[in-house]
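Trainee: I'm new to this structure and would love a close look at the salt bridges. Could you take me through them, with a little background first?

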Amino acid sequence: SNTAYNTSSDYRLKENVDYSWDATTRLKQLKPARFNFIVDAAKTVDGFLAHEGSSVVPEAIIGEKDEVDDDGNPVMQGIDQAKLVPLLVKTIQELEARIKTLEDA
């Protein structure tokens, strides 16, 4: 069996395409953490706190920090970690370029 989550990516859907942004600086602003979820205290995982990533990669964050519904119940934030992949790939490319420059010096 197979599950696929696809995002529209055809160039004809896009404009203002820019390849010259600084991913490394943005990536360094993220704060990866190790934690457990309250409902599963025995299992430690790696991840992010959604509200901490909202200023760096806002398109990856679902919901608002400390949001509540009309009855005062918490509405939990989420993070689409797939939206971090372009930032990771661009950072690797930038680091590779820096390494090559150092090797060629």
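Trainee: To start, what percentage of the contacts with a separation of 6 or more comes from residues 24 or more positions apart?

Mentor: Happy to help! In this protein, 42% of the contacts with a separation of 6 or more are between residues 24 or more positions apart, a contact being heavy atoms within 4.5 Å. Please keep in mind that this is a predicted model, where local features need pLDDT of at least 70, side-chain atom pairs count only at pLDDT 80 or more, and totals for chains, interfaces and linings use all residues. Residues are numbered from 1 along each chain as its sequence is written, and side-chain values use heavy atoms, with hydrogens and water left out.

Now the setting. Going from the N terminus, you meet the elements in the order α-β-β-α-β-β-α, which gives 3 helices and 4 strands; helices (H or I, at least four residues) and strands (E, at least two) are DSSP runs, numbered from the N terminus. Buried residues are 15% of the 105 residues, where buried means under 20% relative accessible area, exposed over 50%, and partly exposed in between, with a 1.4 Å probe and protein chains only.

On to the charges. The protein has 12 positive and 19 negative charges, counting Lys and Arg as positive and Asp and Glu as negative, without His and the chain ends. The structure contains 7 salt bridges, each a side-chain nitrogen of Lys or Arg within 4 Å of a carboxyl oxygen of Asp or Glu.

One of them joins Glu52 and Lys31, whose closest N and O atoms are 3.7 Å apart. This pair links distant parts of the chain, 21 residues apart: Glu52 sits in helix H2 (residues 50-53), while Lys31 is in the loop between helix H1 (23-27) and strand E1 (33-35). Glu52 is partly exposed, at a relative accessible area of 26%.

Next, look at Arg34 and Asp46, with closest N and O atoms 2.4 Å apart in their salt bridge. Arg34 belongs to strand E1 and Asp46 to strand E2 (residues 45-47), so this salt bridge ties together parts that are 12 residues apart in sequence. Both Arg34 and Asp46 are exposed.

Finally, find Glu94 and Lys90, which form a salt bridge with their closest N and O atoms 3.1 Å apart. Both residues lie in helix H3 (residues 85-104), 4 residues apart, or about one turn of the helix. Glu94 and Lys90 are both buried.

Conventions
Charge placed at Lys NZ, Arg CZ, Asp CG, Glu CD.
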